[in-house]
Amino acid sequence: MKKTIILIIFPLMLELFSCNKSTPSGFWLNFNKIFLKENISNQGAWGGHRAIYWKADKAKTFNVKETIDFAIKNGWKLVDSVNITTEDLNTWKDINKPIFPLSCEGFTKNATIKHSEYEYFPRWINAEAKVYMFKTGWIIIDPGTNESIDVNGFVLLSNEGNEMSVYHLWGE
């Protein structure tokens, strides 16, 4: 009897507490693993951030439907998308380093104000792309206002389909 209970409980515990499921956006580490190039993650007591990058040699390796389906399967809800030009990307810099403009105030296509959170989100993609915006089940709390933002997961997918990044910020 004890052996049966252990055989049932042990796999459930692994599923519940595996590092990819229990950490925000950790499930993305299981997406097209062979093309995974970068994984930046910091999980703190009051929040955290993650930036992940994939790159393939072949165009159309990453497609919109597969990417969105994967996000939805893992609890993210697609809210919107926006096209990003190379001109937009050229403005996404902080101290001359390419960044993804995500802060406690949320994502902005026109990054005119500098935020300290930008340092957490390097941008690897330098070609025209599209940003897909998701509700993740986590929130961002703007420390200055205590206002919350629930759209805080982003996929940047190059138009060629050979590069992809995920950005996620939560907490305060």
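In the predicted model, helix α3 is followed by Gly 75, a residue whose phi is positive, near 95 degrees. The helix itself spans residues 64-73, and at its start a side-chain oxygen of Asn 63 reaches to within 3.2 Å of the backbone nitrogen of Lys 65.

Within α3, the buried residues are Thr 67, Ile 68, Phe 70 and Ala 71. Seen down the axis of α3, these buried residues fall within an arc of 155 degrees, so they line one face of the helix. On the other side of α3, by contrast, Lys 65 and Lys 73 are exposed. The cover over the buried residues of α3 includes four strands, namely β3 (77-84), β8 (129-141), β9 (148-158) and β10 (163-171).

Thr 67, which is placed in helix α3, illustrates this burial at the level of a single residue. Its relative accessible area is 2%, and because a residue counts as buried under 20% relative accessible area, Thr 67 is assigned to the buried class. When its neighbours within four places in sequence are left aside, Thr 67 is in contact with Trp 28, Phe 31, Val 155 and Met 164. Of these partners, Val 155 falls within the residue range of β9 (148-158) and Met 164 within that of β10 (163-171), two of the strands that are included in the cover of the buried residues of α3.

Strand β9 is itself mostly covered, with eight of its eleven residues buried, and it pairs with both β8 and β10. The pairing of β8 with β9 is antiparallel and runs over nine bridges; in this arrangement Leu 157 of β9 is the bridge partner of Lys 130. The two strands form a hairpin with six residues between them, and in the turn Asn 146 has a positive phi of about 60 degrees.

The pairing of β9 with β10 is likewise in the antiparallel sense, here over five bridges, and His 168 of β10 is the bridge partner of Gly 153. These strands also form a hairpin, with four residues between them, in whose turn Gly 161 has a positive phi of about 80 degrees. A positive phi is thus found at Asn 146 in the turn between β8 and β9, at Gly 161 in the turn between β9 and β10, and at Gly 75 after α3.

Conventions
Residues are numbered from 1 along each chain as its sequence is written. This is a predicted model: local features need pLDDT of at least 70, side-chain atom pairs count only at pLDDT 80 or more; totals for chains, interfaces and linings use all residues. Side-chain values use heavy atoms; hydrogens and water are left out. Buried means under 20% relative accessible area, exposed over 50%, partly exposed in between (1.4 Å probe, protein chains only). The arc is that of the directions from the helix axis to the C-beta atoms. Contact means heavy atoms within 4.5 Å. A polar contact is a pair of N or O atoms within 3.5 Å; within protein, one must be able to donate a hydrogen and the other to accept it, and residues adjacent in sequence count only if both atoms are side-chain atoms. Two strands pair if DSSP finds at least two bridges between them.
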